[in-house]
Amino acid sequence: MRRGAWHQCGDRSQKLVEEQLQQGAGVGVIISPRDLSRKNAITYAERYRALGAELLLDHQYYVPEFTNERFDSYPISRFRKGVSSLNKISDQDLTNFRNELRVDHEELKADAVIAPAVVYQAGRADILQLNARLFAASKRVADDLKIPIYATVVLGRSVTASDRTLQTALSQATALSCDGWYFAFEFEDERLPSVRETVRRSCIAGLILACTGKPVLHAYAGPLGLLSFGFGATGVAIGHSQNLWKFTRDRWMPAASQGGGGDAPARFFSNALWGTIIYPDETSQLPAAIRNQVLTPSPFSGPVASNLPWSRWDSGKHLVYVLAQQFSTMAAETDPRKNARAAIALLDKALSLHATIQQSNVFLGDNTNAYQANWKAALEDLLRDNQGDFDFFDLLN
Amino acid sequence: MPYVVDIKDAQQMFQDYTFVRALTPSEQKAAFHVKDKAGNAFCLKLIAPNYERDRIDREIQALQTINHPNVVRLIEYTFSSKPGQQRHYIVEEFIEGQDLQDTLTPGKPWPIKAVAQFFSALCDGLFAMKEKEIVHRDIKPANIRVRPDRSPVIIDFGLARHLNLPDLTQTIDGAAIGTPRYFAPEQFDGTKHDIDHRTDLFALGILLYEALTGESPFYNPKMTTRCQIRQAVCESTVHLTKLSFQALDPKWKILLARLLEKERAKRPSDARQVGAMLKKLGGL
């Protein structure tokens, strides 16, 4: 697993990802069958690989009964059923499941197999057993194709509610003999996770996985990925859409509307704020000196410097590029404590800048300054309370 | 109650072998050091008549799948029954040397290099078991032989569990078999689903602690009940404050503390990882 930013594909991501790779942003791509038909996935996989990216396919069994037209273009989708049905899957069907999984990975020339798995839930022994069976089948595919196998560890809210349930779930999940972890943490439904305790727990979970000595790919990380290299992650998955900024099962539930944000104005992701600011409504209110600090440029933000119209689409590209650059810098440092301190320093500066903006009587929308202080505190908690884990990580490496 | 067979009676039953001496019997097996006609030494184990067939089948299956210098080698397994006569026995390689329990002396820690050499080889054996998805469940000094060249051999797979096969115990419990002094927390409090390779790593941690410090991390002779041992293993962190532990090099302390974590998630993921660290720490 390459160190750095990974593109988490989502709805209408495929061309954006290609463009980012052309700009040298990102080291790998995670294909999303929910959003890309099998035929297109094969086409784009080839193009991504030609641009030097590592490639993974996430079959997204989080809500295994959910399917859509694109999912259905993958023959494996006939095994998209509810947990209770999957629990009864016969050995013959598991063999068929394995064969389909193998064909998909062969045709996409994936660099590793991400074992399909259901979201871990507290007190659900049936899910543990199901995930173990799906993992065993996936591992055989990986062994046959001579590529690594990554276990999917997506921790549901019932697991993440306390340290105790979290550790119990991790003890069970880490019993799988894998070559790496594809890890996500289910947060409460908000734009970006802002609860200190939950963010701290997500970092602990990541650190425990990293302490197995196997690479950790933090899936659906988005801007929260700033913290990931501080808990020892190898890769951090990013995407343009808010749906890809955190893990939530809602995304795999049937949608009431198409979504997409309607006519909302563009959001400029500022490295200095570690958050977004509405362009041009909010940026134009800033005093020039602050504005210069806030508007960190990218190859996709040209019009912003001249206060010209800027599309939401370009703002998404800018966001992904800025995240990828930041994470590339952090990935070059392999000591998680140093990365945690670097993230704390960046968040500290962001907090100061937010304070300066407020002092100039500009009040930003989107709750864009609601989480930085708690992310910083969560990392400080981690550094203070989990020294043993960091020490062991050092000893391993 | 150990299964004891008189050596003269055993000799009478197995005339192809010369019986050298009786070895320490277990509840299920009477064991003897024997030699064949060519003078090759073996360990012959007679299986108690009331011993579950399924369990011995598992033990044989486990031994047959592993071929590693740090795991005892199975030579022969026989079960035959004629009217009035039943022969049920195992022949294993005979490991010259002594039990690990004879070399772990309270108050006498081993030299660091000897610890690294011995325990990294022990990790090789444990990892060979892990690769075959076998958990020993009863790693303790009496189940580890020390060859004259100081290399370890894991013996007695009577409680071994193959993680891919259904457990022989019928209840959801069934984690609590083995020797409490070397139990991991999940063997006291968990279910059989909680037993995995890291259960053996906890026992390895206890042995490593004993070798490095000359004392047990949790157990003391005043403990007379299983409940007292459970409390120490599952709840106490006294092992981190003992003077003998505190005197160790910080890196050894990190490794020991990690092996003796209550939660499996926080223990090293496998014996190969531990073996590599031991070699590094021992300068091998």
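Two strands count as paired if DSSP finds at least two bridges between them. By that rule, strand 2 and strand 3 of chain B pair, and Ala30(B) has Leu46(B) in strand 3 as its bridge partner. The model is predicted. This briefing covers the sheets of chain B, the domains of chain A, the contact between the chains, the nonpolar core and some backbone details.

**Five-stranded sheet of chain B**

- Five strands of chain B form an open sheet in the order 1-2-3-5-4, and the pairing is antiparallel.
- Strand 1 (18-23) and strand 4 (74-82) of chain B are the edges. Each has a single partner strand, so one side of each lacks a neighbour in the sheet.
- From one strand to the next, the twist averages 25 degrees.
- Strand 1 and strand 2 of chain B run antiparallel and are joined by five bridges. Thr18(B) has Lys35(B) in strand 2 as its bridge partner.
- These two strands, 1 and 2 of chain B, make a hairpin with five residues between them.
- Seven bridges link strand 2 (residues 29-35) to strand 3 (residues 41-47) of chain B, again in the antiparallel sense. Val34(B) stands opposite Phe42(B) in strand 3.
- Strand 2 and strand 3 of chain B also form a hairpin, with five residues between them. Gly39(B), in the turn, has a positive phi of about 90 degrees.
- Is strand 2 of chain B enclosed by the rest of the structure, or left open? Five of its seven residues are buried, so strand 2 of chain B is largely enclosed.
- In a regular strand, side chains alternate between the two faces of the sheet.

**Three-stranded sheet of chain B**

- Three strands of chain B form an open sheet in the order 6-8-9, with antiparallel pairing.
- The edge strands are strand 6 (98-99) and strand 9 (152-154) of chain B, and each pairs on one side only.
- Helix 3 (residues 112-131) of chain B packs on this sheet and touches strand 8 and strand 9. The direction of helix 3 makes about 30 degrees with that of strand 9 of chain B.
- Two bridges join strand 6 to strand 8 (residues 144-146) of chain B, and the two run antiparallel. Asp99(B) has Arg145(B) in strand 8 as its bridge partner.

**Domains of chain A**

- The domain assignment splits chain A into domain 1 (4-252) and domain 2 (266-388).
- Taken over C-alpha atoms, the centres of the two domains of chain A are 26 Å apart.
- Domain 1 of chain A brings 31 residues to the contact, and domain 2 brings 32 residues.
- On the domain 1 side, strand 1 (4-8), helix 1 (14-22), helix 9 (196-210) and strand 8 (235-238) of chain A each supply at least two residues.
- Helix 9 of chain A gives the largest share of that side, six residues.
- The domain 1 side has 17 nonpolar, ten polar and four charged residues.

**Contact between chains A and B**

- In this contact, 13 residues of chain A meet 14 residues of chain B.
- Helix 8 (163-173) and helix 15 (387-396) of chain A each give two or more residues to the chain A side.
- Helix 15 of chain A gives the most, with four residues.
- The chain A side has six nonpolar, six polar and one charged residues.

**Nonpolar core**

- The largest nonpolar core has 199 residues. Those that touch the most other members are Ile31(A), Tyr150(A), Ala151(A), Trp181(A), Leu217(A) and Leu204(B).
- Helix 5 (residues 197-213) of chain B gives the most to this core, ten residues.
- Neighbours within four places in sequence aside, Trp181(A) contacts Tyr150(A), Ala151(A), Val153(A), Leu209(A), Lys214(A), Val216(A) and Leu217(A).

**Backbone details**

- The peptide bond from Tyr279(A) to Pro280(A) is cis, with omega near 0 degrees. Pro280(A) lies in the loop between strand 10 (275-279) and helix 10 (288-294) of chain A.
- Asn361(A) is not a glycine, but its phi is positive, near 65 degrees. Asn361(A) sits in the loop between helix 13 (336-359) and helix 14 (372-385) of chain A.
- Is Asn361(A) buried or exposed? Asn361(A) has 7 C-beta neighbours inside 10 Å, so it counts as exposed.
- Glu133(B), also not a glycine, has a positive phi of about 60 degrees. Glu133(B) lies in the loop between helix 3 and strand 7 (134-135) of chain B.
- With 16 other C-beta atoms within 10 Å, Glu133(B) is partly exposed.

Key:
Residues numbered from 1 in each chain as written. Chains lettered and ligands numbered in written order. Predicted model: local features only at pLDDT ≥ 70, side-chain atom pairs only at ≥ 80, totals over all residues. Contact = placed C-beta atoms within 7 Å. Axes fitted to C-alpha atoms, helices over the stretch in contact; angles between N-to-C directions. Domains from an automatic or database assignment. Nonpolar A, V, L, I, M, F, W, Y, C, P; charged D, E, K, R; others polar. Core = buried A, V, L, I, M, F, W, Y, C linked by C-beta atoms within 7 Å. Buried ≥ 20, exposed ≤ 12 C-beta atoms within 10 Å, placed from the backbone.
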